[in-house]
There are 2 protein chains.
Amino acid sequence: MEGNNASSQTSSPLCLQNVETLINSVEAFLFDCDGVIWKGGKLIEGVKETLEMLRSLGKKLVFVTNNSTKSRKQYAEKFHSLGITTVSEEEIFSSSYAAAMYLKVNDFPRDKKIYALGEGGILEELELAGFKGLLGGPEDGRKNIQLKANSRFEHDKDVGAVVVGDDQYINYYKLQYATLCIRENPGCLFIATNRDAVYTMFDSQEWPGAGCMVSAVCGSTQKEPIVVGKPSTFMMDFLLQKLQIDTSKMCMVGDRLDTDILFGKNAGCKTLLVLSGVTSLSDLQDPSNNIKPDYYASKVADILKFSRQ
Amino acid sequence: MEGNNASSQTSSPLCLQNVETLINSVEAFLFDCDGVIWKGGKLIEGVKETLEMLRSLGKKLVFVTNNSTKSRKQYAEKFHSLGITTVSEEEIFSSSYAAAMYLKVNDFPRDKKIYALGEGGILEELELAGFKGLLGGPEDGRKNIQLKANSRFEHDKDVGAVVVGDDQYINYYKLQYATLCIRENPGCLFIATNRDAVYTMFDSQEWPGAGCMVSAVCGSTQKEPIVVGKPSTFMMDFLLQKLQIDTSKMCMVGDRLDTDILFGKNAGCKTLLVLSGVTSLSDLQDPSNNIKPDYYASKVADILKFSRQ
């Protein structure tokens, strides 16, 4: 039955019998980070050794994260500080970078300004991509609105794009700024780094993710954003252009069905769900779930474990 | 053509020829407040005289507002401070009151707690309705999250309802609190006072409305709320029970098509759009708009003006 492929397909647990086939058929492994490589500030057990093994087999490694709070440079530093010193900036594709690349490949006018409702990563990537006139970001986290009669909230009419991402410093000032730009500046783009409902910031606890901030701006502007992170195809198209590897020879490894696995499946990659992050085995097996990865495993290190046995 | 009534119906400008018919056929006038009675801290011209005229004709007056930042008591005080001393608390139906009444008529368990992501009006109405165990509200506007490894954000497992409304003090603490209650407390209700995208706080400028805060929580919980304010039918059903007047003998007067006018039309009331708030004549006449009031006028005082000529 066509049209029912996604839900009728079953997922296989990664095991001795299939890990070699997987490794041999794949040239590039794409890893999500939060819940896959690390949880908050802690590396997940066995990640380092697994990455080393894959590198030693000549596999290309790519780290694709929807977390926009950091820039690629900051991500590379995080890898290094956690003891994985072989990861370079060029191997990292964050949604903050994707936002900057989206504006770049779409020739965003250099005389227009960009407002960021988000943390430092977005502004840093926009700056590295050569954009000037950057507004918002962490600085506006300290701004308060003094509401009184006859006071008018002014915004820059030259803002031509608003980029919204994860922001633990969300406030009414930023929401009003972003809203005014999108509602009142003709043609102003509304770009979302991603729409993850929650993300794991530290250890096991989940916190409101970019989906929260993005939806807030949808609510006040009644507009829908252009999403550049997973599962949008923009990130994959951009990645493909960089890697020049056929998607059938890629494996997307992630902990989220609706972003990571969907992202991989949409592109025609092999997919491996790891249960070390937000998705549990019962979420995967729930009848309401129709996003089925090719494989699932408790964690990334299972690739190493089964390949050695 | 059935099913096309809304868009094919035309709206008449209020004028000498139709105002008497309107007044004579209506027993109760339902007024929105922001953009209709006042704009921010200023009464709209001619409102006082028009309300006095309608009262002198024996019409019932009701003030139905989606703004949840104030309680009915605070609204009555606002009317009085603006020189309209005849308005009583009982004539006011705010979405903060509607939230409290929703929980009351649905027998919300008295041993459960309620978390408010909103300003003072919600908590005040909940308290007046006899609810105990009230959490959140203005107090949480001052709370900051100290994010560090191994720190855990705790929430009260006894919260059985989260009420979200307008909140200029929105922050990550409140979003996380509301999100955890809705995601983790079994059966926890998610109630929205309303979903207005923006509202006019002072004079002519618009600010993100409850639609912004409510959507933020939808984004982080991936759940849809029960909406109690306009245009939801809850408020109207509750009003009908209080007023005991047939809806065909009511006229809803408002400045918003998607809340006020839709609310009135859904219930079978006559509808009058005033252009003194967020909707312009070109919004009304835009081909994409299919919410057509029976009448439109520049402001409430037109009722008086045309009835006197």
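Which residue is the bridge partner of B:Ala161 in E10(B)? The points below come to that pair after some notes on conventions.

1. Conventions. This is a predicted model, in which local features need pLDDT of at least 70 and side-chain atom pairs count only at pLDDT 80 or more, whereas totals for chains, interfaces and linings use all residues. Residues are numbered from 1 along each chain as its sequence is written, chains are lettered from A and ligands numbered from 1 in the order in which they are written, and side-chain values use heavy atoms, with hydrogens and water left out.

2. The sheet of chain B. Five strands, taken as DSSP runs of at least two residues and numbered from the N terminus (helices, H or I, need at least four), form an open sheet in the order E8-E7-E9-E10-E13 with parallel pairing. Strand E8 (134-136) and E13 stand at its edges, each with a single partner strand, so one side of each is left without a neighbour in the sheet. Two strands are said to pair if DSSP finds at least two bridges between them.

3. The pair asked about. Strand E9 (residues 159-164) and strand E10 (residues 189-192) of chain B pair in the parallel sense over 4 bridges, and the partner of B:Ala161 in E10(B) is B:Leu189.

4. Helices across the sheet. Helix H7 (residues 172-184) of chain B lies across strand E7 (113-117), E8, E9 and E10 of that chain, running at about 140 degrees to E7(B). Helix H8 (residues 210-221) of chain B lies across E7, E9 and E10, and runs at about 155 degrees to E10(B). For these angles, axes are lines fitted to C-alpha atoms, for helices over the stretch in contact, and the values run from 0 to 180 degrees between N-to-C directions; contact means heavy atoms within 4.5 Å.

5. Backbone points to check. Most residues other than glycine have a negative phi, and most peptide bonds are trans. A cis peptide bond, with omega about 0 degrees, joins A:Lys230 and A:Pro231, and A:Pro231 is found in the loop between strand E13 (226-227) and helix H9 (233-243) of chain A. In chain B, a cis peptide bond joins B:Lys230 and B:Pro231.

6. Positive phi. A:Asp107, in the loop between helix H5 (95-105) and strand E7 (113-117) of chain A, has a phi near 50 degrees. A:Asp107 is exposed, with a relative accessible area of 64%, where exposed means over 50%, buried under 20% and partly exposed in between (1.4 Å probe, protein chains only). B:Gln244 has a phi near 55 degrees and counts as exposed at 65% relative accessibility.
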